[in-house]
Amino acid sequence: YTLGYQLGEAVSMLGTAINSAWSPFYYRTFQEHGEEATAILAPIITYFMLVAIFVGLSTALFAPEIVSLLAEPAYFSAHLVVPWIAASSVVRVFNWITRQGITYAKRTYWEPFLSALGGGANIGLNLLLLPRVGYIAAAWATLIGFALTGLLAFIISQRVRPMIYEYKRLGALLMTAVGIFFARQIVPSGSIWVSIVGKVALLSSYPALLWALGFLSERERKAARALYTRFKSNFFLAR
């Protein structure tokens, strides 16, 4: 469990870096732009979550291969923990981003309650499920605890400092990632290297699927085409 937890925590390390940059940027944007800040911050939140979900998906997809390369065969089942912890880490990143409104509105007296809710749910579920299900229940409890804390923090934050969120685009990010994760079953599992190549190809479909689903705005599509044209021109000039 500890090995699987440490691998799944990769997203949280990224989230810590995002949160360190996000907090001062959030405050500065509101101070400089007032109510217009919500529209400015919305697409930035979407792209922060794009990065977090992509890293979480990558970690969950390649967990069996990573564990088999790093650990003894006796520890191979640790990969079962990784997707749940990676998902809980993605939820935690979204929680860190959204709960800035609580701090900005000086409603930090909610923080101890939120921490107690998440911790209490985690402990309670562990006591209930661990004897019946085994160590995987600890991963489930972690995800549910963070999800409950994040949901309540989001509701409170929206009440005290409402924000605009691109729900449609965030939903596309999440559902596409979930679909790719479950599609991993089609990847051949005979050789570890064949499996890695197949999963790299599967992961590479993520941006293509988002493009096909209309994730990018027209402005972003134009910028992407211009970037691709510039890259292609520079590539041929270099040759």
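In this predicted model, the second largest pocket is lined by 21 residues. Pro-64, Glu-65, His-79, Ser-195 and Lys-199 lie nearest its centre. The volume of this pocket is about 410 Å³. Three helices each supply at least two residues of its lining: H3, helix H4 (63-70) and helix H10 (192-212). H4 provides the largest share, 4 residues. By class, the lining of the second largest pocket holds 11 nonpolar, 7 polar and 3 charged residues.

The largest pocket encloses about 850 Å³ of space. Its lining comprises 27 residues, and those closest to the centre are Ala-87, Val-90, Val-91, Leu-174 and Val-178. Helix H3 (37-61), helix H5 (82-98), helix H8 (136-160) and helix H9 (167-182) each contribute at least two lining residues. Helix H3 thus appears in both lists, supplying at least two residues to the lining of the largest pocket and at least two to that of the second largest. The lining of the largest pocket contains 23 nonpolar and 4 polar residues. No charged residue is found there, whereas the lining of the second largest pocket includes 3.

At the N-terminal end of the numbering, Thr-2 lies in helix H1 (residues 2-8). Thr-2 counts as exposed because its relative accessibility is 54%, and the cut-off for exposed is over 50%. Along the chain, Thr-2 and Val-81 are 79 residues apart. In space, their C-alpha atoms are separated by 9.0 Å.

Key: Residues are numbered from 1 along each chain as its sequence is written. This is a predicted model: local features need pLDDT of at least 70, side-chain atom pairs count only at pLDDT 80 or more; totals for chains, interfaces and linings use all residues. Side-chain values use heavy atoms; hydrogens and water are left out. On a 1 Å grid over the protein atoms alone, a cavity is a set of points where a 1.4 Å probe fits but cannot get out, and a pocket is an open set with protein on both sides within 12 Å along at least five of seven lines; lining residues have an atom within 4 Å of a point. Grid points are joined across faces, edges and corners, and a volume is the space filled by probe spheres set on the points. Ala, Val, Leu, Ile, Met, Phe, Trp, Tyr, Cys and Pro count as nonpolar, Asp, Glu, Lys and Arg as charged, and the others, Gly among them, as polar. Buried means under 20% relative accessible area, exposed over 50%, partly exposed in between (1.4 Å probe, protein chains only).
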